[in-house]
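Keep the viewer open and follow the selections below in order. Each stop says what to select and what is found there.

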Amino acid sequence: MDSSQGSTLARYVKNASIQRDESCFDGVPVYVKELIAGGFAGALSKTSVAPLERVKILWQTRTGGFHTLGVYQSMNKLIKHEGFRGLYKGNGASVVRIVPYAALHFMTYERYKSWILNNYPMLGTGPSIDLLAGSAAGGTSVLCTYPLDLARTKLAYQVVDTKGYIKDGIKGVHSQSVGPVHNGIKGVLTSAYKEAGVRGLYRGVGPTLTGILPYAGLKFYTYEKLKMHVPEEHQKSILMRLSCGALAGLFGQTLTYPLDVVKRQMQVGSLQKADHGDARYRNTFDGLRKIVQNQGWRQLFAGVSINYIRIVPSAAISFTTYDMMKAWLGVPPQQRSQSVSSG
């Protein structure tokens, strides 16, 4: 999103806030407003980078014919075999997941932050509070929505030729030997549950939690820390928010990216057996060790370049939209004097 688009979005929200009835949200609890703002921010940011997310997953899981291609070539190949809609395959599951995930993430972040401010005043009010609250919020939202992330990954991993022919290099779950082709979220979750029960729905949650705790905390910490160094006259600038959000997401992702690779490979492990041997890992560290041993250490950063391209607009749009939605809905800023039950 460039500055002109950001300015247009800012004017739209500003005009909408002027025109809305100031009393229409007065009776709505603060935490509900935070859920609405977070869910909307998550859905908008995820959809904006869905094609890049699809290519990233194909690279991370070493899908035949894709992990050696560039971004542009990978997208062209997807369009050739699945049409334009192929770029957004799995995005439905992603949005279904990200709305409650982002809503819970931002809302619980605000609630945890309020609770820490009121119960542990000795910790102060600086960005360190955002680090703690962000980490706790990340873990909470992951545990509540993880099966939907599993479904999103398995759907994105499938490369199915919808035009009636198969080209060399297209493997994945299109081959009859690697398992069924799932047509939707329900099919993926049903299959995962039949295969391993509840544990099947949470395959890969270990590296996810290991990665999300520092990532979510660092993301909120960096965002708030950067805003502290912005002159007061620019605090409400749409460009400032986009820049701080982008840098926050970039910093957090760089430190935790290998764990995301392990998670993706664990999620599609049952689908990879025919092509990659038994790709299942006992735990996070076993996954890291085997990937380095069998695939090389570079695989731990497979797709990191496209992730940088993806995370900048994604984090920027997410943080900016959330801040603007909070202002539009009339959510007050967190203060130490505010009690947890004030919402």
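Start by selecting Y202: at 26% relative accessibility, this residue counts as partly exposed, since the partly exposed class runs between 20% and 50%. Bear in mind throughout that the model is predicted.

Now add Y146 to the selection. Y146 is buried, its relative accessible area being 2%, which is under the 20% limit for that class. The rings of Y146 and Y202 form a stacked aromatic pair, with 5.8 Å from centre to centre and 20 degrees between the planes. Y146 belongs to helix α6, whereas Y202 is in the loop between α8 (198-201) and α9 (205-228), so the pair ties together parts that lie 56 residues apart in sequence.

**Helices α5 and α6**

Stay with α6 and select residues 127-157, then add helix α5, residues 91-119. How far apart are the axes of α5 and α6, and at what angle do the two helices pack? The axes are 7 Å apart and the angle is about 165 degrees. That makes α5 roughly antiparallel to α6, because the angle is over 145 degrees. The crossing of α5 and α6 is right-handed. Colour the residues of this contact by type: 19 are nonpolar, 9 polar and 5 charged.

**From α5 to α13**

Next, show the aromatic side chains; the model has 9 aromatic pairs. Select F106 and Y322, a stacked pair with ring centres 4.0 Å apart and planes at 20 degrees. F106 lies in helix α5 and Y322 in helix α13 (residues 304-329), so that distant parts of the chain, 216 residues apart, are linked by this pair. Are F106 and Y322 buried or exposed? Both are buried.

Extend the selection to Y109, F220, Y223 and F319. Together with F106 and Y322, these residues form one aromatic cluster.

Within that cluster, centre the view on F220 and add K219. The charged end of K219 sits over the F220 ring, 5.9 Å from the ring centre.

**The whole chain**

Finally, clear the selection and colour by secondary structure. There are 13 helices and 0 strands, and the pattern along the sequence reads α-α-α-α-α-α-α-α-α-α-α-α-α. Switch to colouring by accessibility: of the 343 residues in the protein, 52% are buried. Y146, F106 and Y322 are among the buried residues, while Y202, where the tour began, is partly exposed.

How values were computed: Residues numbered from 1 in each chain as written. Predicted model: local features only at pLDDT ≥ 70, side-chain atom pairs only at ≥ 80, totals over all residues. Heavy atoms only, no water. Axes fitted to C-alpha atoms, helices over the stretch in contact; angles between N-to-C directions. Helix = DSSP H or I, 4+ residues; strand = E, 2+ residues; numbered from the N terminus. Parallel < 35°, antiparallel > 145°, perpendicular 65-115°, else oblique. Left-handed = near helix turned anticlockwise from the far one by under 90°. Nonpolar A, V, L, I, M, F, W, Y, C, P; charged D, E, K, R; others polar. Phe/Tyr/Trp six-rings, centres within 6.5 Å; stacked < 30°, edge-to-face > 60°. Buried < 20%, exposed > 50% of the residue type's maximum accessible area, 1.4 Å probe, protein only. Lys NZ or Arg CZ within 6 Å of the ring centre and 35° of its normal.
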